[in-house]
Amino acid sequence: MFNSGIVSRFSQLETPFYYYDLGLLRQTLQACQTAANRYGYHVHYAMKANFNEKVVSTIQSFDFGADCVSGGEVKAAIHTGFDKNKIVFAGVGKSDKEINTALDADIFCFNVESVQELEVINELAAAKGKTARVAIRINPNVDAYTHHNITTGLEENKFGINTWQLDDVVAALGKLPNIQFLGVHFHVGSQITNLEVFKNLCARVNELAQWFEDKGLEIKVLNVGGGLGVDYYQPDTNNVADFEAYFKVFADNLKVVEGQEVHFELGRALVAQSAALVSRVLYVKNGQKKNFLILDAGMTELMRPMLYQAYHEIENLSKASEGSHIKYDVVGPICESTDCFRKDVELPESFRGDLISIRTAGAYGEVMASGYNLRDKIQSVYSE
Ligand SMILES: *Cc1c(COP(=O)(O)O)cnc(C)c1O
């Protein structure tokens, strides 16, 4: 991702900033598209992972659909040029205003998370003389074996409709004239690295799709969500996720009948590796028990480590990595004790002014930036 030319370019710039490698982004998108096309799969980009304009328009240019979780994202997807027939809208708490935005945009499908939401969408669609296409988001009770804060497909999670409520869904669908049932939707979690999880998901999808067919409801869309993980430990040697292996799990395990479409919603795996947060060392505090590197970036620029103990590789771009190393707690300037990127990071001896890069920051990074402490808005720098 970095070479001496890029680092010398950085030395002229004000920090902190997100650095986007657009070549790597395109390489990743191409790998995903090629693997998905083998099976005729439809891939929607989960916009919440990164809504940087340049990133999103690059993704749009590869002809992906968009997976939105707010009215704002639906508007941004339309604005970027995503085909409205490829926009899906999920979320456990869609407001009336957001539903109306999506109805006005004539999006492809609402992924509906409760019977009550189904009734509200029906009512709002009727008021506009429209029919809303929906998929039912089912909580399949499949363990994603990922961090508990990013697990979504267990019965204890707020997402989706639990299977014992599906009779109510079928009854409601029969009574709501402004709703068109398209199929079923699932999303069991994020940063999933064990492909067995997706195999387990396929088994549940097969059962549940059959259940709907038995009730006389035809399934046109099988939307299996996203969640494919990336390698946060080896961002250079493993910079593109294994999309071939991922889609093959579905090709081998998902039962698809004539006329059915299979949809995916990938966020992290498409964008995570293509960005780094670049920061400067402000101060070095050498203590008796601990050494601290105090950066000019903190949780206001990248919150993942503080929010769910996420691991990111950290490197000193100004120093050769050979030679003796010192352990530092790499922390930000924010007035919170949790404002720490990682403890006991082995780095070459570091000094005020050194450039530090925090890798694999393209997903759930810039999008979660906040103005806490009245910090300046984080800037972005691009490879081209
Ligand atoms: C966040 C989200 C995704 C994308 O998850 P990733 O782990 O980034 O692939 C997909 N679908 C839904 C419904 C989501 O909320």
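Which side chains meet in a salt bridge with an N to O distance of 3.0 Å? In this predicted model, the partners are Asp236 and Arg359. Their pairing makes a handy way into the domain layout, so to speak, as Asp236 falls within the 22–272 range of domain 2 and Arg359 within the 273–382 part of domain 1. The count of salt bridges between the two domains is just one.

As for the layout itself, the domain assignment splits the protein into domain 1, made of residues 4–17 plus 273–382, and domain 2, which runs over 22–272. Domain 1 is thus written as two stretches, with the range of domain 2 falling between them in the numbering. Measuring aside, the computed C-alpha centres of the two domains sit 33 Å apart. Where they touch, domain 1 puts in 21 residues and domain 2 puts in 24.The contact buries about 2100 Å² between domain 1 and domain 2, and carbon and sulfur atoms account for 53% of that. On the domain 1 side, a trio stands out: Gln273, Tyr364 and Tyr382 supply 33% of the area that this domain buries against domain 2, more than any other three residues. Polar contacts turn up here too, with 13 residue pairs found across the interface, both partners at pLDDT 80 or more. Helix α11 (304–308) and strand β17 (379–382) each give at least two residues to the side of domain 1 that touches domain 2. Of the elements on that side, α11 gives the most, with three residues. By residue class, the side of domain 1 facing domain 2 comes out as nine nonpolar, eight polar and four charged.

Back to charge pairs, now for the whole structure. Side chains of opposite charge can pair when their charged atoms come close. The model holds 16 salt bridges, and one of them joins the side chains of Glu384 and Arg26, at 2.9 Å from N to O. Glu384 sits in the segment after β17 and Arg26 in helix α2 (residues 22–37), so this bridge ties together parts that are 358 residues apart in sequence.

Aromatic pairs come next. A search of the whole structure turns up 20 of them. In one pair, the ring centres of Phe250 and Phe264 are 4.9 Å apart and the planes stand at 90 degrees, so the arrangement is edge-to-face. Phe250 belongs to helix α9 (residues 243–253) and Phe264 to strand β10 (residues 261–266), so the two rings link parts that are 14 residues apart in sequence.

Two backbone details round off the picture. Most residues other than glycine have a negative phi, and most peptide bonds are trans. The peptide bond from Thr15 to Pro16, however, is cis, with omega near -5 degrees, and Pro16 is found in the loop between α1 (4–10) and β1 (17–20). Asp63 is not a glycine, yet its phi is positive, at about 70 degrees. Asp63 also lies in a loop, the one between α3 (53–61) and β3 (65–68).

Note on methods: Residues numbered from 1 in each chain as written. Heavy atoms only, no water. Domains from an automatic or database assignment. Contact = heavy atoms within 4.5 Å. Buried area = accessible area lost by both parts, 1.4 Å probe. Salt bridge = Lys/Arg side-chain N within 4 Å of Asp/Glu carboxyl O. Polar contact = N/O pair within 3.5 Å; in protein donor to acceptor, adjacent residues only side chain to side chain. Helix = DSSP H or I, 4+ residues; strand = E, 2+ residues; numbered from the N terminus. Nonpolar A, V, L, I, M, F, W, Y, C, P; charged D, E, K, R; others polar. Phe/Tyr/Trp six-rings, centres within 6.5 Å; stacked < 30°, edge-to-face > 60°.
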